[in-house]
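Here are my notes on one helix and what packs around it. Have the model open while you read.

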Amino acid sequence: MNNQSSALLTNMAMGRGDCLPHSIGFVDSRCDEVTFLRPLKCLLQKELTLYCDLFKLEYCRQHDVNNEHSIMSLSERFLSDLQCEFPATVSTVCRTGDKLTSIEVDDSDEVNRCSLCDTVIVHVHTGTDSLSAVDAMKFSLSLFDEELSLDRICYACSQLSI
């Protein structure tokens, strides 16, 4: 649950809010061929460690983030500091994340998916005179590089190219 809560904050900070239900939920069914289940997602890291120690199970620790100033390490540290003072912090963040839903897509609709992360690409237009941040970014990039096409990648992945 600790990793799930920090992943939620990290993904939100990186602009991946639209794929949160898939990346931290119990079921990740983005891909048609494979469905990922997370049966231990409701357990704290401390609980899992105690269980493994009690039954003498070997476990591999998740990699430690070397960069102390990355978004992920900062959100992990922020949540662990809050968890010390307020023990329900991690579970509250996870329960809030579980309430998030993604856009439902009909099988009959033609769906544009990101070439990098396979997330449904959402184009939001608020009207004829206004554009979304993604549209503004596409226009700005088109002035400098005509070969760069952002039509097949989502907003968060498009930020990787900047």
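1. Helix α4 runs over residues 71–85 (helices are DSSP runs of H or I, at least four residues, and numbered from the N terminus). With 15 residues at 1.5 Å a residue it should span 21 Å, and its end C-alpha atoms sit 22 Å apart, which agrees. The expected span is 1.5 Å times one less than the number of residues.

2. A word on the source: this is a predicted model, where local features need pLDDT of at least 70, side-chain atom pairs count only at pLDDT 80 or more, and totals for chains, interfaces and linings use all residues. Residues are numbered from 1 along each chain as its sequence is written, and side-chain values use heavy atoms, with hydrogens and water left out.

3. Which residues of α4 are buried? They are S73, S75, L79 and Q83 (buried is under 20% relative accessible area, exposed over 50%, with a 1.4 Å probe and protein chains only). Down the axis of α4 they fall within an arc of 165°, so they line one face of the helix; the arc is taken from the directions from the helix axis to the C-beta atoms. Exposed C84 and E85 are on the face turned away from that buried side.

4. The cover over the buried residues includes α1 (2–13) and α5 (89–98). S75, at 8% relative accessible area, touches S6, L9 and T10, leaving aside residues up to four places away in sequence (contact: heavy atoms within 4.5 Å). A polar atom of the S75 side chain lies 3.5 Å from the backbone oxygen of S6.

5. Q83, also in α4, touches A88, T89 and V90, with the same sequence neighbours left out, up to four places away. Its side chain reaches the backbone nitrogen of V90 at 3.0 Å.

Key. Helix = DSSP H or I, 4+ residues; strand = E, 2+ residues; numbered from the N terminus. Polar contact = N/O pair within 3.5 Å; in protein donor to acceptor, adjacent residues only side chain to side chain.
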